[in-house]
Amino acid sequence: MKAYRIVFLLLTLTLALFLYGAFSAPRMTPEPSQKEVITVWGWDDFLPDAFAEYQKSHPDVALNYTVVEKSEYLQRFKLALALNQPLPDICILESETLDGINGAELFLDLEASPYFLPRQEVLEFRLAQFENELGHLWAVPATLSASGVAYNRTVAQAFLATEDPVQVGIVFSSWADVISKGMKFKEQFPDRAMFASLEDAAVMLFGQSRTPYIQNNTLLQPYRFLNAFQILDALQEAGLVFSLQQYSPQWMNSLETDQVFFYPCSLWLMSMGIFHTGQAWGFTRAPSGSFAWGGTVWAIPKTSTHAATAWEFMQTVLLSPSGAAYAKNHGTGTLISYSPAYNEEGYSDLIMEDFGGQNIGKMYLDQIFPEVQTRPAGENEALLKEVYLQTVRAMIGMPEMNGEQAYALFLERLHQRLPDLQEEPA
């Protein structure tokens with residue numbers, strides 16, 4: 001009995017010591033889980049706003065968003081490549097400024113395993129620009145690039161006795177119509193203009209070509225530029241354009257008046273909110289047809305260490321019903337390239353108060369997108385456009401310069417930048 005008591009006391013003491021140690025020892029608090037951080041370079045609020053929504057269901061993912069101005073983006077990208085600096089996990093690229101970037105070499109093949117991008121779900125006419133040697137896409141189009149024109153409804157009503165978008169598009173169905181009817185417009189409204197800047201008409205003309213401008217180091221059909229400069233000369237000679245620089249403060253201020261009839265306009269430009277000016281706007285097809293202007297794509301560099309998460313985020317924002325709905329309801333609203341969304345009743349309707357309650361989506365999908373001039377990507381296109389617009393600005397500064405002289409100046413400056421460039425015979 002005595003031995004039993006001794007054993008019992010020992011067991012009790014052991015248990016007491018164990019319990020004391022268990023409750024008196026400092027508790028081990030688990031380390032908070034490390035969030036996976038994806039890095040993105042961009043220039044507007046859409047992506048970080050979209051990520052904030054995404055993070056609600058993905059709290060383990062964080063965003064490192066680096067703001068890079070559009071005008072500096074390509075240079076920063078090329079500098080990072082030259083210095084072997086890290087690239088972001090997602091690059092937002094402008095469709096028109098990809099000179100010197102080999103997308104197939106730098107970015108992941110998104111149609112290959114494990115991504116399997118469903119090409120049939122992408123609505124964009126220039127997909128060939130983002131294909132690798134296998135014909136696979138290395139980028140996902142985000143904002144659509146087919147564009148039309150915004151017009152001032154007050155000016156349209158005063159001149160045409162109608163502000164109906166379809167009727168305005170019919171009256172100004174070609175550049176010849178703009179010039180001929182523009183002369184009557186100028187007689188009636190000597191203090192007004194058809195365009196705020198010669199550059200506005202210039203970007204439209206540049207985007208209306210069906211074939212590449214440069215291939216195999218040869219300028220194809222150079223007379224296209226002669227034709228463009230002659231049209232620009234006629235517009236300036238007739239006083240149909242103000243001498244403003246596109247996007248300058250003066251150009252932006254002109255949106256707040258009833259002095260200008262037309263502005264080049266895309267869905268992405270609408271989404272920036274520049275038409276919140278108190279004026280009533282309309283949206284219709286451009287003279288001589290729709291044109292390619294701007295547009296962005298998202299791509300994942302092969303160096304990304306968070307490619308799987310970056311792809312999941314891209315799918316959510318650009319390739320899903322929820323992403324399409326978010327884009328439509330964000331800010332002033334826009335439509336994206338996710339084609340299945342357009343099969344849903346009501347999705348194609350994009351009503352904008354600043355455009356007189358016009359159904360922008362219907363006009364876009366019925367008349368703008370279907371007739372856009374499709375031009376495959378050529379060589380040095382960003383450089384070419386830069387020289388072209390420099391020449392247009394020279395015309396603004398020297399109104400006495402005619403179309404032929406502008407064309408000669410354009411070729412001279414182009415050969416300075418591309419000394420080995422050949423010209424296709426007329």
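How many residues of strand S5, residues 146–152, are buried? Seven positions to go through, and the count is 7 of its 7. So that's where I'd like to start today. Before I go on, please keep in mind that this is a predicted model.

Okay, S5 and its partners. S5 is mostly covered, and here is what it pairs with. Take strand S9, residues 260–265: S5 and S9 are antiparallel, with 4 bridges between them. If you want a spot to click on, go to Gly148, whose bridge partner in S9 is Cys265. Then there's strand S10, residues 281–284, which also runs antiparallel to S5 and is joined to it by 4 bridges. There, look for Tyr151, with Gly282 of S10 standing opposite. And S5 pairs with strand S11 as well, residues 291–292, antiparallel over 2 bridges. The pair to look at in that case is Ser147 and, opposite it in S11, Phe291.

While we're around S10, let me stop at a residue in the loop that leads there. Thr277 sits between H11 and S10. Is Thr277 buried or exposed? Its relative accessible area is 17%, and the cut-off for buried is under 20%, so Thr277 counts as buried. What does its side chain touch in the way of polar groups? The side chain of Trp281, in a polar contact at 3.3 Å. Further off in sequence, beyond four places either way, Thr277 is in contact with Leu255 and Glu256.

Now the pockets. The largest pocket holds about 1,100 Å³ of space. It is lined by 33 residues, and the ones closest to the centre are Lys70, Ser71, Glu94, Thr97 and Leu389. Which elements give two or more residues to that lining? Helix H3 (70–82), strand S3 (90–94), helix H8 (198–206) and helix H15 (381–397). H15 gives the largest share, with 7 residues. As for the chemistry of the lining, we have 14 nonpolar, 8 polar and 11 charged residues.

The second largest pocket holds about 550 Å³. Here 27 residues make up the lining, and closest to the centre you'll find Asp44, Phe46, Thr143, Trp268 and Ser271. The elements giving two or more residues are helix H2 (46–57), S3, helix H11 (267–271) and strand S12 (296–299). If S3 rings a bell, it should: S3 is on the list for the largest pocket and on the list for the second largest one. By class, this second lining splits into 12 nonpolar, 11 polar and 4 charged residues.

Next, a little sheet. It's an open one with 3 strands in the order S7-S8-S15, and the pairing is mixed. Which strands stand at the edges? Strand S7, 214–215, and strand S15, 422–423. Each has a single partner strand, so one side of each is left without a neighbour in the sheet. S7 and strand S8, residues 218–219, pair in the antiparallel sense over 2 bridges. One of the bridge pairs is Gln215 with Thr218 in S8.

Last part: some backbone details, for those of you who like going through the torsions. Which peptide bond is cis, with omega near 5°? The one from Ser113 to Pro114. Pro114 lies in a loop, between helix H4 (103–106) and strand S4 (140–141).

Then two residues with positive phi, neither of them glycine. Ala161 has phi near 60°, and you'll find Ala161 in the loop between helix H5 (153–160) and helix H6 (165–171). Its relative accessible area is 62%, so Ala161 is exposed. The other one is Tyr247, with phi near 70°. Tyr247 is also a loop residue, placed between helix H9 (223–237) and helix H10 (249–254). With a relative accessible area of 39%, Tyr247 is partly exposed.

Right, if you'd like to follow along on screen, go back to S5, where 7 of 7 residues are buried, and then look over at H15 in the lining of the largest pocket. That's what I had, thanks.

Technical notes:
Residues are numbered from 1 along each chain as its sequence is written. This is a predicted model: local features need pLDDT of at least 70, side-chain atom pairs count only at pLDDT 80 or more; totals for chains, interfaces and linings use all residues. Side-chain values use heavy atoms; hydrogens and water are left out. On a 1 Å grid over the protein atoms alone, a cavity is a set of points where a 1.4 Å probe fits but cannot get out, and a pocket is an open set with protein on both sides within 12 Å along at least five of seven lines; lining residues have an atom within 4 Å of a point. Grid points are joined across faces, edges and corners, and a volume is the space filled by probe spheres set on the points. Ala, Val, Leu, Ile, Met, Phe, Trp, Tyr, Cys and Pro count as nonpolar, Asp, Glu, Lys and Arg as charged, and the others, Gly among them, as polar. Buried means under 20% relative accessible area, exposed over 50%, partly exposed in between (1.4 Å probe, protein chains only). Two strands pair if DSSP finds at least two bridges between them. A polar contact is a pair of N or O atoms within 3.5 Å; within protein, one must be able to donate a hydrogen and the other to accept it, and residues adjacent in sequence count only if both atoms are side-chain atoms. Contact means heavy atoms within 4.5 Å.
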